[in-house]
Amino acid sequence: MPSLQPRLNLKVSQRQVLTPGLVQMVNLLALNKLELKEMVQAEMIENPVLEEMDETVPILDHIAAAAETPVDERKEPQPLDEIDFGSYFEEYLDPGFRGGPSTMEFLEDRPSFENFLSTPGTLTDHLLWQLGSLKLTDECRRAAELIVGNLDNAGYLTASDDDLMEGLLLESVPDGVDSGLALNGSAAANENHLRGVLTKALHLVQHLDPAGVATRTLSECLSIQLESLRAQQEAASQRRSEYEAQRANTHRNGAGEVDLHEDALDENLGQQVNGSAAEAVSGEEIFRVAGLILCDHLQLLQKRDTRELSRVTQSKADVVQRAIELIRTLDPRPGQRFNAGDVRLIEPDVAFLKRDDEWIVVMNEDDMPSLRLSRAYRRMLASKTTEKDVREYVKERYKSAIQLMRSIDQRKNTILRTCEAIVRRQIAFLENGVEAMLPMMIKDVAEEIGVHPSTVSRAVSNKYVHTQQGVFELRFFFSEGVAGSEGSTTPLMLLKRKVKKMIDDEDPQRPLTDEQIAQMLQGQGIDVTRRTVAKYREDLHIPSTHQRRVRA
């Protein structure tokens with residue numbers, strides 16, 4: 001039986017280890033200009049050795065030099081320096097009233113102008129503003145606010161009825177009463193009443209602007225919008241009837257001449273209401289068919305099967321088609337326009353410019369801080385009076401600052417070399433546009449500039465370039481090629497654009513099949529199969545031939 005005892009063994013092996021400097025360089029390479037600027041500013045705050053070369057901001061060197069200047073060489077105070085020009089001009093610019101001890105104190109306490117800047121309102125703000133203008137009971141208002149607080153960005157209600165009831169019961173518990181006892185006792189006895197209040201509040205919120213919010217299904221959302229639109233048409237029809245009756249009564253009583261201005265207003269109002277009323281009268285059947293489709297036949301609507309829709313709704317084909325057009329005017333995400341995401345700020349990192357018939361690459365370094373090492377801390381290192389701990393700290397900060405500046409230079413060099421390789425391969429695109437772009441792989445550019453493909457991938461990640469054709473992401477230029485019949489290649493991106501263009505131009509009643517699209521592309525010299533076309537169509541989120549067909 002072998003005995004367990006410690007042993008010492010020597011082993012020689014090779015491993016790849018990323019040094020901290022290399023890790024920093026890799027991380028910097030993946031940053032775009034805005035991200036790099038934020039990182040550099042944060043590093044300047046953390047590392048006192050780094051300074052920004054800005055003439056408008058005093059550098060520590062200047063301050064240190066002023067401190068080292070002999071007293072005899074310093075500027076003697078002048079009599080004018082002792083005058084308080086602030087109070088002098090304050091006396092002559094005084095409007096005649098002072099509300100406090102000093103105007104400057106008011107200016108210091110004044111709120112920032114940022115507090116007066118408008119901010120985009122959300123769906124919650126818009127709904128709560130409408131609820132605030134309505135006369136509601138406290139229970140109904142609490143229930144409506146609870147519903148509004150459980151809406152997603154599209155306006156749909158995410159909480160179940162039981163969750164809403166539980167939240168409403170908890171809010172109705174008096175202060176100082178245990179919530180568990182209240183739910184089992186007095187609050188539970190009042191549950192039916194609160195459920196009725198919740199139903200009323202839900203109906204109220206669903207019919208606020210925009211109509212259709214606080215619903216749980218697409219069918220319910222669109223049906224409420226259709227109901228609201230129908231009510232608007234009926235109101236317009238009623239206004240038209242009242243308008244016609246008023247005009248007939250005026251002529252019947254012989255009212256004489258009417259003021260031209262008022263008559264013009266009446267005629268204009270009549271034209272507007274007349275159009276709405278005509279739609280309401282002739283669209284009664286259309287609203288009925290649209291309601292049936294939304295309630296029971298959304299799947300047939302998705303398939304665009306107008307023939308089957310005409311059969312199940314017992315309506316004519318033209319009525320079904322007009323009902324479908326009416327449904328298309330509805331919004332499946334009514335809350336989306338109030339919850340628009342923040343606009344993403346894009347600033348090109350590089351620019352491809354043409355100078356004397358030659359394309360060059362220019363780095364965009366506007367607003368980028370120019371870094372330098374502080375001489376004050378360098379003198380601190382050279383001084384013999386500096387304590388050991390301070391010297392070690394400054395030395396460590398110096399190494400970190402130098403490594404950061406080297407990594408920034410290496411990032412710039414890698415991006416320039418990568419972009420120069422892109423320009424050499426995509427001159428046709430820069431001259432003639434997207435249709436002339438050639439296929440290009442990341443590994444080909446990596447081999448050309450002598451780096452790993454992952455380095456090129458980081459160099460083009462999340463970075464944009466400005467060209468005379470527009471602003472593009474650097475990854476836009478990398479696309480696989482599809483072989484043609486004569487040895488030529490077509491970029492995958494252009495091939496997908498061709499597929500989409502063919503489908504957009506097809507006859508809706510006789511849509512193209514994947515086989516037909518493949519044959520048309522083969523006729524253009526592009527060697528693709530039906531399965532390849534189907535894959536591209538699915539990548540573009542285009543329905544199948546059966547789903548695209550519009551039956552008359």
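Angles of 65 to 115 degrees between two axes count as roughly perpendicular. Keep that cut-off at hand for the first exercise, and remember throughout that this is a predicted model.

**Exercise 1. Two helices and the turn between them**

Task: Work out how helix H16 and helix H17 are oriented to each other, and which residues make their contact.

Solution:

Step 1. Two packed helices are described by the angle between their axes and the distance between the axes.

Step 2. For H16 (residues 306-313) and H17 (residues 317-328), the axes come within 9 Å and cross at roughly 105°.

Step 3. That crossing angle of roughly 105° falls in the range of 65 to 115 degrees, and H16 and H17 are therefore roughly perpendicular to each other.

Step 4. Now look at who touches whom. H16 contributes Thr306, Leu309, Ser310 and Thr313, while H17 contributes Ala317, Val320, Gln321 and Ile324.

Step 5. Sorted by class, this contact of H16 with H17 contains four nonpolar and four polar residues, with no charged ones.

Step 6. Finish with the loop between H16 and H17, where Gln314 is placed. Its phi is near 55°, a positive value in a residue other than glycine. Is Gln314 buried or exposed? The cut-off for exposed is over 50%, so at 72% relative accessibility Gln314 counts as exposed.

**Exercise 2. Reading a four-stranded sheet**

Task: Describe the sheet that contains E2 and E3, going from strand order to pairing to side chains.

Solution:

Step 1. Start with the order. The strands run E3-E2-E5-E6 in an open sheet of four strands, and the pairing is mixed.

Step 2. Find the edges. Strand E3 (359-363) and strand E6 (470-473) each pair on one side only, which makes them the edge strands. On average, neighbouring strands of this sheet are turned by 25° against each other, direction ignored.

Step 3. Take the pairing apart. E2 and E3 are antiparallel and share five bridges, with Leu353 opposite Ile360 of E3. Strand E2 (residues 350-354) and strand E5 (residues 464-467) run parallel and are joined by two bridges. Ala351 has His466 of E5 as its bridge partner.

Step 4. Add the helix. Helix H19 (residues 388-425) packs on the sheet and touches E2 and E3, with its direction at about 155° to that of E3.

Step 5. Which side chains of E3 point to the buried face? In a regular strand the side chains alternate between the two faces of the sheet. In E3, Trp359, Val361 and Met363 point to one face and are buried, whereas Ile360 and Val362 point to the other and are not.

Step 6. Inspect the connection. The hairpin of E2 and E3 has four residues between the strands, and Asp356 there takes a positive phi near 55°. Asp357, also in the loop between E2 and E3, has a positive phi of about 60° although it is not a glycine. With 72% relative accessibility, Asp357 counts as exposed.

**Exercise 3. Following the phenylalanine rings**

Task: Trace the aromatic pairs made by Phe429 with Phe472 and with Phe477.

Solution:

Step 1. Set the scene: a search of the whole structure finds seven aromatic pairs.

Step 2. Phe429 and Phe472 lie 5.4 Å apart centre to centre, with 75° between the planes, and the pair is edge-to-face. Why does this pair tie together separate parts of the chain? Phe429 lies in helix H20 (residues 427-432) and Phe472 in strand E6, so the parts that are tied together are 43 residues apart in sequence. Both Phe429 and Phe472 are buried.

Step 3. Phe429 and Phe477 are likewise edge-to-face, at 5.2 Å centre to centre and 85° between the planes. Here the link runs from helix H20 to the loop between E6 and strand E7 (481-483), where Phe477 lies, 48 residues apart. Phe477 is buried, as is Phe429.

Step 4. Put the rings together: ring pairs join Phe352, Phe429, Phe472, Phe476 and Phe477 into a cluster.

**Exercise 4. A cis bond and the whole chain**

Task: Locate the cis peptide bond from Asp209 to Pro210, then step back to the chain.

Solution:

Step 1. The bond from Asp209 to Pro210 is cis, with omega near 0°. Pro210 sits in the loop between helix H11 (191-206) and helix H12 (218-252).

Step 2. The chain has 26 helices and eight strands, and 33% of its 552 residues count as buried.

Step 3. Among contacts in the chain with a separation of 6 or more, 67% are between residues 24 or more positions apart.

Conventions:
Residues numbered from 1 in each chain as written. Predicted model: local features only at pLDDT ≥ 70, side-chain atom pairs only at ≥ 80, totals over all residues. Heavy atoms only, no water. Axes fitted to C-alpha atoms, helices over the stretch in contact; angles between N-to-C directions. Parallel < 35°, antiparallel > 145°, perpendicular 65-115°, else oblique. Contact = heavy atoms within 4.5 Å. Nonpolar A, V, L, I, M, F, W, Y, C, P; charged D, E, K, R; others polar. Pairing = 2+ DSSP bridges. Buried < 20%, exposed > 50% of the residue type's maximum accessible area, 1.4 Å probe, protein only. Phe/Tyr/Trp six-rings, centres within 6.5 Å; stacked < 30°, edge-to-face > 60°.
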